[in-house]
Amino acid sequence: MSVLQTVKDVLRASTESADRGEGTGTASKGAYWCDDCDERIRDVDADGDGPPACPTCGETMRFERSPSSTGCAC
Ligand SMILES: [Zn+2]
C-alpha cells in the first residue's frame with residue numbers, strides 16, 4: 001500500500017465519522033415515558049430542554065436513560 005493510499009484512507013475515515021455524527025443526529029441518551037399511556041418520545045425528538053408533555057394525557061413525561069448508553073463496554 002502506498003503512502004498516498006494510506007492518506008486517502010485516513011481522510012475518508014475521518015469524513016465518514018464526521019458525517020455519522022451530524023447526519024443522523026441519533027445521539028440519544030434515553031427516552032421520555034408516560035407510564036399511564038405507554039407513550040415514548042426519544043430525548044433527541046423532544047423539543048426544548050425539559051421533559052415534554054405526554055401527547056395523550058398531557059402529564060409531564062419521565063426520563064429514562066437508555067441501558068445501552070451507560071458508557072461501559074465491558
Ligand atoms: Zn400519558
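Is Asp45 buried, partly exposed or exposed? At 48% relative accessibility, Asp45 counts as partly exposed. The legends below place this residue and others in a predicted model.

**Figure 1. Overview of the predicted protein.** The model is predicted. The protein has 1 helix and 3 strands. Read from the N terminus, the order of elements is α-β-β-β. Of the 74 residues in the protein, 14% are buried. The exposed surface comes to about 5800 Å². Carbon and sulfur atoms supply 51% of that area. Take the contacts between residues at least 6 apart in sequence: 29% of them join residues at least 24 apart.

**Figure 2. The zinc ion and its protein donors.** Four SG atoms serve as protein donors, from Cys34, Cys37, Cys54 and Cys57. They lie 2.2 to 2.4 Å from the zinc ion. Along the chain, the donors follow the spacing C-x2-C-x16-C-x2-C. Cys34 sits in strand β1 (residues 30-34), and Cys54 in the loop between β2 (39-42) and β3 (62-65), so this pair ties together parts that are 20 residues apart in sequence.

**Figure 3. Angles at the zinc ion.** What arrangement do the 4 donor atoms around the zinc ion make? It is tetrahedral, because the angles they subtend are 106 to 112 degrees. The test for four donors is that all angles lie between 85 and 135 degrees. For comparison, the ideal angle for four tetrahedral donors is 109.5 degrees.

**Figure 4. Burial of two zinc donors.** Are Cys34 and Cys54 buried or exposed? Cys34 has 6% relative accessibility, so it counts as buried. Cys54 has 3%, and it also counts as buried. The cut-off for buried is under 20% relative accessible area.

**Figure 5. Asp38 in the loop between β1 and β2.** Asp38 is placed in this loop. Its phi is near 60 degrees. That is a positive value in a residue other than glycine. Relative accessibility is 60% for Asp38, which therefore counts as exposed.

**Figure 6. The salt bridge between Arg62 and Asp35.** A search of the whole structure finds 3 salt bridges. One of them joins the side chains of Arg62 and Asp35, at 2.8 Å from N to O. Which parts does the pair tie together? Arg62 belongs to strand β3 and Asp35 to the loop between β1 and β2, so the bridge links parts that are 27 residues apart in sequence. Arg62 has a relative accessible area of 35%, so it is partly exposed.

**Figure 7. Glu64 and the network around Arg62.** The side chains of Glu64 and Arg62 meet in a salt bridge, at 3.2 Å from N to O. Salt bridges with shared partners join Asp35, Arg62 and Glu64 into one network. Glu64 is partly exposed, because its relative accessible area is 36%.

**Figure 8. The salt bridge between Asp45 and Arg42.** This view returns to the residue of the opening question. How far apart are the closest N and O atoms of Asp45 and Arg42? The distance is 3.3 Å, and the two residues form a salt bridge. Arg42 has 26% relative accessibility, so it counts as partly exposed. Asp45, at 48%, counts as partly exposed too.

Technical notes
Residues numbered from 1 in each chain as written. Predicted model: local features only at pLDDT ≥ 70, side-chain atom pairs only at ≥ 80, totals over all residues. Heavy atoms only, no water. Donors = N, O, S within 2.8 Å, 3.2 Å for Na, K, Ca; no water. Tetrahedral: all angles 85-135°; square planar, octahedral: opposite > 155°, others 65-115°. Helix = DSSP H or I, 4+ residues; strand = E, 2+ residues; numbered from the N terminus. Buried < 20%, exposed > 50% of the residue type's maximum accessible area, 1.4 Å probe, protein only. Contact = heavy atoms within 4.5 Å. Areas by Shrake-Rupley, 256 points an atom, 1.4 Å probe, with all protein chains shown as cover. Salt bridge = Lys/Arg side-chain N within 4 Å of Asp/Glu carboxyl O.
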